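Here are some short exercises for getting to know a new structure. Try each task yourself first, then read through the worked solution.

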Amino acid sequence: MRRVRYETRGGPLFLEEAPLPEPGPGELLVRTEAIGVTLPVVRKVTEAAEPVPLGGEIAGQVTAAGEGVTRFGTGDRVTGLCFGHGYADFAVLHEAMASPVPRDASAVDAVALVRSGLVALGALEAARPEPGEAALVTAAASGVGHLAVQLARTRGAGRVVGAVSDPGKAGFVRDLGADHVIAYGDRSWGTPVDYVLDAVGGELLTRALHALVPEGRLVAYSSGGGAIQAYDLLVAAKSVSGFQMARIARGKPELYEQWREELWRLFDAGELRPAVHGRFALEDAAKAHAEIEGRSNLGKVVLIP
């Protein structure tokens, strides 16, 4: 089978022939039909001290199941998060991380919706939204952010603001349902909001915090880091919390499944529309990474084996 690998920090990425993996206990072997490209994986290539397997979101058909697997069998269509080599024709997926793909949905739909949607929905839940409140979503045109904008609206947000790196993305974000779109470099971010879902971190974290009303809430789900001054929280009783999807998947599988079902329900109802920015062949993985690194994507970037 083919898989994408790299040998030195920063790449280059290259395609190689590799033996077909065997699923271990509790694992599924999946013939991949779509692979999601995410910023955390791109950052591993550019920042990790040693090369790591390119894992991430996959969707496809189960071709073999390891010992102890009870929920899925050969021929089932699944999607989930792969921690091993996911940029490949075949990938190993742990059963606990796998979700079924509805009959009428494509593998691309599944990759664009489920994992990114779970992160967006989980971050939204962590913000404890109330109907009528105003929301701000950073990285609003990203794979996760464009779903977060839509989900905030489904949860009754009275005003949704999308923040983007490039003003050229404004039309895309407005089409998702955002009332206003701001660029990170704008002098003013407008009227303060009740909660922020932040996927950027770094220096932007302070601006996101200042965009909150007194007693506002910020949920950080970025791997970009960033620091906050305690005084900025104390002076207006604001709060900041972090969200990581892996903790839910490992520790609260019932909630994970509940959120997954909600995403597909909203998708079926036409209330959640995952956008795919580009589809790249496996051998063009470097081009897909460049789209993410350049922050040029509008929605999800997907590899098609």
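## Exercise 1: Strand β5 and its partners

β5 pairs with strand β7 (residues 98-100) in the antiparallel sense, over three bridges. Keep in mind that you're looking at a predicted model.

**Task.** Find out which residues face each other across β5 and its partner strands, and work out how enclosed β5 is.

**Solution.**

- Step 1: Begin on the β7 side, where T79 stands opposite S99.
- Step 2: Now look at strand β4 (residues 56-65), which also pairs with β5 in the antiparallel sense, this time over six bridges. Here G60 stands opposite V78.
- Step 3: Check the burial. A residue counts as buried when its relative accessible area is under 20%. Five of the six residues of β5 (residues 77-82) pass that test, so the strand is largely enclosed by the rest of the structure.

## Exercise 2: Strand β15

**Task.** Work out which strands pair with β15, and in which sense each of them runs.

**Solution.**

- Step 1: Take strand β3 (residues 27-37). Three bridges join β3 to β15, and the two run antiparallel. One spot to look at is V37, which stands opposite V301.
- Step 2: Go on to strand β14 (residues 276-281). β14 pairs with β15 in the parallel sense, over five bridges. In this pairing, F280 has L303 as its bridge partner.
- Step 3: Ask how covered β15 is. Four of its five residues are buried, which makes the strand mostly covered.

## Exercise 3: Helix α3 and the residues around it

**Task.** Decide whether helix α3 is enclosed or open, then check the backbone on either side of the helix.

**Solution.**

- Step 1: Count the buried residues. Eight of the 10 residues of α3 (residues 145-154) are buried, so the helix is largely enclosed by the rest of the structure.
- Step 2: Name them. They are G145, H146, L147, A148, V149, Q150, L151 and A152.
- Step 3: Look just past the end of α3, where G156 takes a positive phi of about 90°.
- Step 4: Step back to the loop between β8 (134-138) and α3, which holds A139. A139 isn't a glycine, yet it has a positive phi of about 50°. With a relative accessible area of 16%, A139 is buried.

## Exercise 4: Backbone oddities

**Task.** Which peptide bond is cis, and where does E215, with its positive phi, lie?

**Solution.**

- Step 1: Start from the usual case. Most residues other than glycine have a negative phi, and most peptide bonds are trans.
- Step 2: Find the cis bond. It joins G11 and P12, with omega at about 10°. P12 is in the loop between β1 (2-5) and β2 (14-17).
- Step 3: Turn to E215, where phi is near 70°. E215 lies in strand β12 (residues 212-220).
- Step 4: Compare with the cut-off for an exposed residue, which is over 50% relative accessible area. At 61% relative accessibility, E215 counts as exposed.

## Exercise 5: The surroundings of N297

**Task.** Is N297 buried or exposed, and which residues does N297 touch?

**Solution.**

- Step 1: Locate N297 in the loop between α9 (285-293) and β15 (300-304).
- Step 2: Check its cover. The relative accessible area of N297 is 8%, so this residue is buried.
- Step 3: List the contacts, leaving out residues up to four places away in sequence. N297 touches A141, S142, G143, K169, H277, E291 and I292.
- Step 4: Try a separation in sequence against one in space. N297 and R260 are 37 residues apart in sequence and 24 Å apart in space, C-alpha to C-alpha.

## Exercise 6: The whole protein

**Task.** Work out how compact the protein is, and how its surface and charges are made up.

**Solution.**

- Step 1: Take stock of the parts: nine helices and 15 strands. The radius of gyration is 19 Å, close to the 19 Å that the globule rule gives for 305 residues, so the protein is as compact as a globular protein of that length.
- Step 2: Look inside. Buried residues make up 51% of the 305 residues. Among contacts between residues at least 6 apart in sequence, 64% join residues at least 24 apart.
- Step 3: Look at the outside. The protein exposes about 13400 Å², and carbon and sulfur atoms supply 50% of that area.
- Step 4: Finish with the charges. There are 31 positive and 37 negative side chains, and the centres of the two sets lie 3 Å apart.

Key. Residues numbered from 1 in each chain as written. Predicted model: local features only at pLDDT ≥ 70, side-chain atom pairs only at ≥ 80, totals over all residues. Heavy atoms only, no water. Buried < 20%, exposed > 50% of the residue type's maximum accessible area, 1.4 Å probe, protein only. Pairing = 2+ DSSP bridges. Rg over C-alpha atoms; globule rule 2.2 N^0.38 Å. Contact = heavy atoms within 4.5 Å. Areas by Shrake-Rupley, 256 points an atom, 1.4 Å probe, with all protein chains shown as cover. Lys, Arg positive; Asp, Glu negative; His and termini not counted. Charge placed at Lys NZ, Arg CZ, Asp CG, Glu CD.
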